[in-house]
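Grab a coffee and open the viewer. Here are a few exercises to work through, each with a solution you can check step by step.

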Amino acid sequence: MGTGDSASHLPETKIELLDHEEHEDDDFLMHIKSPQVKPCRNSSLDGQKFSLSPTAANGHHKQGAGHEEHRTLSRKFMSMSNLHLDDEEEEAAPVAKEETAAKHQEHDAKHHTLDHTVGTVTPTSSLKRTQSELAIAVESDDEEEEDHEEHSTSKIGEELLVVFDMDRTMVGDLVALSDRDNIETNVDWTWWPEGRHHGLNADEIVPFLKRGMLRPGLISMIQYLREIGATIVVYTHSERAWASKVCAAMEEVAGFKFIYRLFSRQDCKDGHPEFAARKSLQFVCDELSKDSGMSWVSISRTIMFDDDGNVLGGGDQCRLIRVPTYDYWEPCQWDEVVNDDVLSKNSAECVDIVTRSVVEWGIAPPSFGKEDLTEGEIAADKRWEEAKQRKEAIKLSYNKVAKLDRLWFTLKESIASLSELDDDTMEVRGGLTGSEEEEGGKRECQNDEEEAEKGRGRGRSREGGGGS
C-alpha cells in the first residue's frame, strides 16, 4: 500500500462491490453464505454508486408502536434520556481519542414504562432469511502516472471518518442479553440482593463476544483503520447506557481503545424529529467538527457501515455501505437474578411490570405469574414452550455458518489495495445486499411465532435482534 514512501507511484485503484458474481478462483470461504434472520424490509441498494462526493438519495425507516395501556417495560415507549448515568457508567462509555485527538480533540418520582435498550427496526409479520455473497473486483489503471514525492509522512486515512452501526453489524443478535439487562436495570426495584449489581457489565458480555457474538474479522479491520489514521465512531439505535457496555466489551476483547465517540438512540430520529431518516451523518459530522483538530470532518470524508439500507436519508444515503446482517445468537436467562424469591420481596407494582413485560416480549409463558391454571392456559403454555424450543434450535443452527463470515476480512483487503483515499481513486458501487431464500426453517419459525401469538392472546411485535 502506497503511503508516499516508495519511489514509484502505485497505480490508481478502484473498488467495486459486485453482488452475486461468481469467480472460479475465489477462495471457498469468500462465498460462504451468511444466514440472516430479521424483519422483512426493502433494503436493496443494488446499483447505487458510492463515492467520496455526496449525491442525493432518500431513505425512510419506521418503528412499531408500543402498548401504552399496559404498565410494562415497553421497548418503544419511554426515552432513556430521562435517566442519568452515574459516574462509573459514564467512565465505562468508551471514548478513545488516542491517535486522532492528538492529531486533529437522566424520571418522574416513579416510572411505569421503560424503553427497550437494544436497537429496533420496523416489525413485520414474517421473518426473512437472506444469504449474501461478496465478490470484490479490483481494477488498476495501466497508464503510467507521475511519481509521488518521497518521504511523505501523511497517512492515507488521516482524514477519513468511519462510522459503524453496532447491532448485527459489529456484533450479532444481542436481544436476549439486553432483555435481561433491561429488566434488572430499569425497574424501580424496592428490594435487590445485597452485593449484586444491576444488569450485565462489560466483563459479563465479553464471553459472549469471544464465543462468536463479535463478528469475525472486526478487530483486524479496526486495527488496519487505526494504522492508516482513520477516526472510528459507533452510531447505534440502542440506548446509550446499554451500548456503552457493549462498546466497552468490544474494546476489552480487542485489547485497545478504538472508539472516538459513541452516538446512540437520542442522537437518532428519536431525539431529533427533523432527521430525514433514523440516523443522520450530517449530525455526526457537525458534532465531531466541534472538537479540536476535527475541522476536516465532513460528509464527503465519511463512510458508514450498517445492515439497514434505509437508515440514512437525503444526501447521507450515498455514504452508506449496506452490509449483510450478522445473525450469531445465544440465549441469556433473563430470570437468573430476578427469580421467584426476588419477586416475592418486591412490591406488587414491580412484579406487575416485570410480569406484563416478559409475557409481552415472549420470553416467559403466557401464564407467567398466575396460579390455578385452566386447561386452556396449560395448553397455551405447552404450545409456547414447543415453539420456543424450535425457534431457538433454528437460530442456533445459523451460528456455524455465521462464524464463517468473511465480510471484514474482505473489506480490509480491498481498502488496503488502494494507494489513496480520495474522490478519484475510491469508488464503491452498490451495497453488500443479500438474495432472499424461502427456506423451510424460516417458514417454520414464522408459523411457530404465529401459533405462540394466538396461544397467549397478545404478543409482542419483536424483531429478531438489534439492528441499527
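The exercises below deal with a helix, a sheet, some aromatic rings and the cysteines, all in a predicted model.

**Exercise 1. Work out what span helix α6 should have, and see whether the model agrees.**

Solution. Start with the length: α6 covers residues 240-254, which is 15 residues. The expected span is 1.5 Å times one less than the number of residues, so α6 should reach 21 Å. Now look at the ends: the end C-alpha atoms of α6 are 20 Å apart, which agrees. Just past the helix comes Gly-255, with a positive phi near 90 degrees.

**Exercise 2. Decide whether α6 is mostly covered or mostly open.**

Solution. Take buried as under 20% relative accessible area. Twelve of the 15 residues in α6 are buried, so by the under-20% cut-off the helix is mostly covered. Among them are Trp-242, Val-246, Cys-247 and Met-250. Don't skip the charged ones: Lys-245 and Glu-251 are on the buried list too.

**Exercise 3. Lay out the open sheet: which strands form it, in what order, and which stand at the edges?**

Solution. Five strands make up the sheet, ordered β8-β7-β6-β9-β10, with parallel pairing. The edges belong to β8 and β10, because each has a single partner strand and so one side without a neighbour in the sheet. From one strand to the next, the twist averages 25 degrees.

Next, zoom in on β9 (residues 302-306) and the strands it pairs with. Strand β6 (residues 161-164) runs parallel to β9 and is joined to it by four bridges; here Val-163 stands opposite Met-304. Three bridges join β9 to β10, again in parallel, and Phe-305 faces Ile-321 across that pairing.

Finally, check how covered β9 is. Five of its five residues are buried, so the rest of the structure largely encloses this strand. Thr-302, Met-304 and Asp-306 lie on one side, Ile-303 and Phe-305 on the other, and both faces are covered.

**Exercise 4. Find how Phe-283 is paired with other aromatic rings.**

Solution. The whole structure holds ten aromatic pairs. One of them joins Phe-263 and Phe-283, with centres 6.3 Å apart and planes at 75 degrees. Planes over 60 degrees apart count as edge-to-face, and that is the label for this pair. The two partners sit 20 residues apart along the chain: Phe-263 in strand β8 (residues 261-263) and Phe-283 in helix α7 (residues 281-288). Phe-263 has a relative accessible area of 3%, so it is buried; Phe-283, at 15%, is buried as well.

Then try Phe-275: its ring centre is 5.6 Å from that of Phe-283, and the 55 degrees between the planes make the pair tilted. Put the pieces together and you get one aromatic cluster of Tyr-235, Phe-263, Phe-275 and Phe-283. Tyr-235 has a charged visitor as well, with Lys-279 over its face at 5.3 Å from the ring centre. Elsewhere, the charged end of Arg-211 sits over the ring of Phe-208, 4.7 Å from its centre.

**Exercise 5. Count the disulfides, then say whether Cys-285 and Cys-350 are buried or exposed.**

Solution. A pair counts if the cysteine sulfur atoms are within 2.5 Å, and the count by this rule is zero disulfides. As for exposure, Cys-285 is buried because its relative accessibility is 2%. Cys-350 is at 4%, so it counts as buried too.

Note on methods:
Residues are numbered from 1 along each chain as its sequence is written. This is a predicted model: local features need pLDDT of at least 70, side-chain atom pairs count only at pLDDT 80 or more; totals for chains, interfaces and linings use all residues. Side-chain values use heavy atoms; hydrogens and water are left out. Helices (H or I, at least four residues) and strands (E, at least two) are DSSP runs, numbered from the N terminus. Buried means under 20% relative accessible area, exposed over 50%, partly exposed in between (1.4 Å probe, protein chains only). Rings of Phe, Tyr and Trp (its six-membered ring) pair if their centres lie within 6.5 Å; planes under 30 degrees apart count as stacked, over 60 as edge-to-face and the rest as tilted. A charge sits over a ring if NZ of Lys or CZ of Arg is within 6 Å of the ring centre and within 35 degrees of the ring normal. Two strands pair if DSSP finds at least two bridges between them. Axes are lines fitted to C-alpha atoms, for helices over the stretch in contact, and angles run from 0 to 180 degrees between N-to-C directions.
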